[in-house]
Structures are given as structure tokens and as C-alpha cells.
Amino acid sequence: MNSRTIANGILRATGILVGIALLSYFLYAIRSVLAYLAIATVIALLGRPVVLFLRKRLKFPNTLAVIATMIFMLSIFVGILALFIPLISEQSRNLSLLDIEALKADINTLYLQILDYFGATTGNVSDLIQDSHLEESVLQGLDLGFIPNFLNSFVNVLSNFSIGLFSVLFISFFFLKDRKLFQNGLLTFIPNDKESNMVKSIEKINGLLSRYFAGILLQLFILFVIYFIALLIVGVENAIVIAFLCALFNIIPYIGPIIGGVIMVTLTMTSFLGADFSTVILPKALYVLIGLVIGQLIDNFFSQPFIFSTSVKSHPLEIFLVIIIAGLVFGVVGMVVAVPGYTAIKVVLKEFLAEYSFVKKLTKNL
């Protein structure tokens, strides 16, 4: 091996590294567009059965079927968004989000009730209030000034939301209108002798992910019903909205149910703020917690195994490991996209590397 060969190898390696770095930077720069494409793809997968139903059963023209499907899905989105208006209004009033001092007082009141119930006596609490001004000491280091800043940031995000919504709807329309549009664009980068394998992979991925997302919707609906019944029994206002919000967090594997449970219990307790803690707030919170546990048991032992075994053809333990690894590497976003991404990888491996024994064992159920 002479010096010229070594130099060429170094230059080639350097060029590859520079190319990877530029590609990574380019993908990072257009991350918003990639997000729009991903969301539009999910919408297209969910809307495809509706389009086919309108075309085959009701004899709609393709374009009219797509428009009707988009209007239907947009109406559902707007309806869900409208459900949160009374929740935001009610909880803003209960928690006094626009009055920082009132919010501190409400949190301190709830804190004193919990302290009194679980440890200190009423007399001790009174002494603490008189001697050390407990309200100030408890919240001395808590700066709630971030709330107005958060609201201002939320307004800015909302102003950009319209651009993202239009982009997603525009892309989704053409994905639904021409189901092979994305496929044809992807085939541009595939060698001619591999196009048939890629077409099979795309068709298989579309079928699996369509069933997967339909299963996720069923999973969220079951949790929503259980949560709604639990909140309705204890008399929580806006129970339907809170139940939907907490069920929606279940999209985030493992972490999402915990976040949703904390939110549901917290909103339950703040809904009855001012009532007696031991006879009203605590029992209602426990009833809601029982409903939360029942919902998670049904989800873990029925919904998830059903979804994973019938839609993405993977064992629940296999999915668990994939989600944990994706979460450690990519965080919460990785946990959300772990199952669809893993399913797509398995399909591609089966089409392109089926001769390997490891791939055969991994994809035997596909």
C-alpha cells in the first residue's frame, strides 16, 4: 500500500464525513418540514380508510372523497380543540392563573390541608403560621413569574401554529389524493433493481401502520371512557375534557400515563379546593386514582397486547425493549415514534435482507 492509496483513502473518508455532516445539518435545518411530512403521513394513513369507504361504498369521485375526508378530520380536530375552552376557563378561575398571589394562596391552602391530614395537628399548623408565616416560607423560593411569560410564549406559538396547520393540511390532501405520491418520491433515491422490494415494503408498512394507529385510537377511546366514568362519579366539572386530555397523554409510552394520572388527580383536587380535605378532597382523589389504576390495568393487559400482536406483529416485550432504548437515545419523541419506526425497519429488513437467519427470526410474524 503506497502513500497515494493512503491519501486517497483519507480523502474519501473525509469526504464521507463531510457529506454526513452536511446532510445532518440540512435535515436539522428543515426539521419543521420533516415534522409536517410525518404528521401528514399519519393523517393520510388514518384518512385512507375513510377515502376508500366514500369511493367504493358511496361512489364519491376521488377528489371529492379526499375533500370530504379532510373536512371530516378537520371538524374532529376543531371539535376537540373547542372542548378545551371550558376546561381552560374553569381551571384558570380555580387556580387563578392570572393572579400569582391568589395562586400562591391556593397552593398554600392545599399544602396546609395535606400537612394537617398526614402529620401535623391543627394546633401545630396554627403555631407555624403565626410564628414563621408559613405561607411565605413555603413559597419563598417558588417564583411563579414564569406563568405570564409562558402565556406570552404560548401566544407566539399559537401565531405560528396556523402556518404549520396549513402546511400539514396541504400535504395531507395530496397524500390522500395520490396515495403513491410519497412512494414515487422515495423511489427516486432507490436503484432500479430494488424498486419492487421498496414498493412491497411501502405497501406493507402502510397496512401495518394503518392498523396500528387505528388500534391506538381504540386504546385512547377505552381509557377515555374509563376516566370519564371515574370523574363523572366523583362530580368533577368538565369531566369529559379532563378525561380526554389525560387519555391523550397515553400516546407517550410509560411516561405519558404517569403524567396524565398526575394531571387528573391534581385537577380533581383543585376542582374541590375550599372543601374539607379529609372528607371531600382526599376521598374524591382516591376514587379517581382507583379509576386511573383500572384503566391502566385494562390498557396494559388487554389493549396494548391486542394492538401490538394484531397490528405491528410484535411481541409486547419486544416493543417494551424498543421503546426503552428509543427513549434513552432520543428522549420522549423517540418513545412516541419507536413502534412505527421499528415496524418500518422490520419490513424493510424482511424485503431486502431476508436471506439472513437473524432477519428471518425477527420478521417471522410479518
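This is a short guided tour of the structure above, going from the overall fold to helix pairs and single residues.

**Start with the whole chain**

You are looking at a predicted model. Colour it by secondary structure and you will find 14 helices and 0 strands. Following the sequence from end to end gives the pattern α-α-α-α-α-α-α-α-α-α-α-α-α-α. The protein has 366 residues, and buried ones make up 32% of them. If you switch on a contact map, look away from the diagonal: among contacts between residues at least 6 apart in sequence, 65% join residues at least 24 apart.

**Overlay the record**

Next, bring in the annotation. An unreviewed UniProt entry lists "transmembrane region" for residues 9-28, 34-54, 66-88, 154-176, 212-234, 240-273, 285-307 and 319-342. Select residues 9-28: this stretch is 100% helix and 0% strand, with its end C-alpha atoms 28 Å apart. Now select residues 34-54, where the chain is again 100% helix and 0% strand. Here the end C-alpha atoms are 29 Å apart.

**Select H2 and H9**

Two packed helices are described by the angle between their axes and the distance between the axes. Try this on helix H2 (residues 31-56) and helix H9 (residues 195-234), whose axes come within 9 Å and cross at roughly 85 degrees. That angle makes H2 roughly perpendicular to H9. Show the side chains at the crossing: Val42, Leu45 and Leu46 of H2 meet Asn206, Leu209, Ser210, Phe213, Ala214 and Leu217 of H9. By class, this contact between H2 and H9 divides into 7 nonpolar residues, 2 polar and no charged.

While H2 is on screen, click on Val50, which lies in this helix. Is Val50 buried, exposed or partly exposed? Val50 counts as partly exposed, at 27% relative accessibility. Draw a distance from Val50 to Met73 and you should get 9.8 Å, C-alpha to C-alpha, for two residues 23 apart in sequence.

**Step into the loop after H2**

Move on to Lys59, in the loop between H2 and helix H3 (62-95). Check the backbone torsions here. Most residues other than glycine have a negative phi. Lys59 has a positive phi of about 60 degrees although it is not a glycine. With a relative accessible area of 64%, Lys59 is exposed.

**Follow H9 to H12**

Keep H9 selected and add helix H12 (residues 277-310). H9 and H12 pack at an angle of about 165 degrees, with their axes 9 Å apart. H9 is therefore roughly antiparallel to H12. The contact of H9 with H12 has 18 nonpolar, 8 polar and 3 charged residues. Look at the handedness as well: H9 passes H12 in a right-handed crossing.

**Swap H9 for H11**

Hide H9 and show helix H11 (residues 255-271) beside H12; their axes come within 9 Å and cross at roughly 155 degrees. H11 is thus roughly antiparallel to H12. The crossing of H11 and H12 is right-handed. Which residues of H11 meet H12? On the H11 side, select Pro257, Gly261, Met264, Val265, Thr268 and Met269. Their partners in H12 are Phe277, Ile281, Lys284, Ala285, Val288, Leu289, Leu292 and Gln296. The contact of H11 with H12 counts 10 nonpolar, 3 polar and 1 charged residues. As you look down these helices, remember that an α-helix has 3.6 residues a turn, so residues three or four places apart point the same way.

**Zoom in on Phe277**

From that list, pick Phe277, which is found in helix H12. Its relative accessibility is 5%, so Phe277 counts as buried. Now add Ile114 to the view. Phe277 and Ile114 are 163 residues apart in sequence, yet 7.3 Å apart in space, C-alpha to C-alpha.

**Finish at H10**

For the last stop, select helix H10 (residues 239-248) and colour it by accessibility. How many of its 10 residues are buried? In H10 7 of the 10 residues are buried, so this helix is largely enclosed by the rest of the structure. To display them, select Ala239, Val241, Ile242, Ala243, Leu245, Cys246 and Ala247.

How values were computed: Residues are numbered from 1 along each chain as its sequence is written. This is a predicted model: local features need pLDDT of at least 70, side-chain atom pairs count only at pLDDT 80 or more; totals for chains, interfaces and linings use all residues. Side-chain values use heavy atoms; hydrogens and water are left out. Axes are lines fitted to C-alpha atoms, for helices over the stretch in contact, and angles run from 0 to 180 degrees between N-to-C directions. Helices (H or I, at least four residues) and strands (E, at least two) are DSSP runs, numbered from the N terminus. Angles under 35 degrees count as roughly parallel, over 145 as roughly antiparallel, 65 to 115 as roughly perpendicular and the rest as oblique. A crossing is left-handed if the near helix is turned anticlockwise from the far one by less than a right angle, and right-handed if clockwise. Contact means heavy atoms within 4.5 Å. Ala, Val, Leu, Ile, Met, Phe, Trp, Tyr, Cys and Pro count as nonpolar, Asp, Glu, Lys and Arg as charged, and the others, Gly among them, as polar. UniProt positions are given in the numbering used here, feature names are shortened, and annotations may be inferred rather than shown by experiment. Buried means under 20% relative accessible area, exposed over 50%, partly exposed in between (1.4 Å probe, protein chains only).
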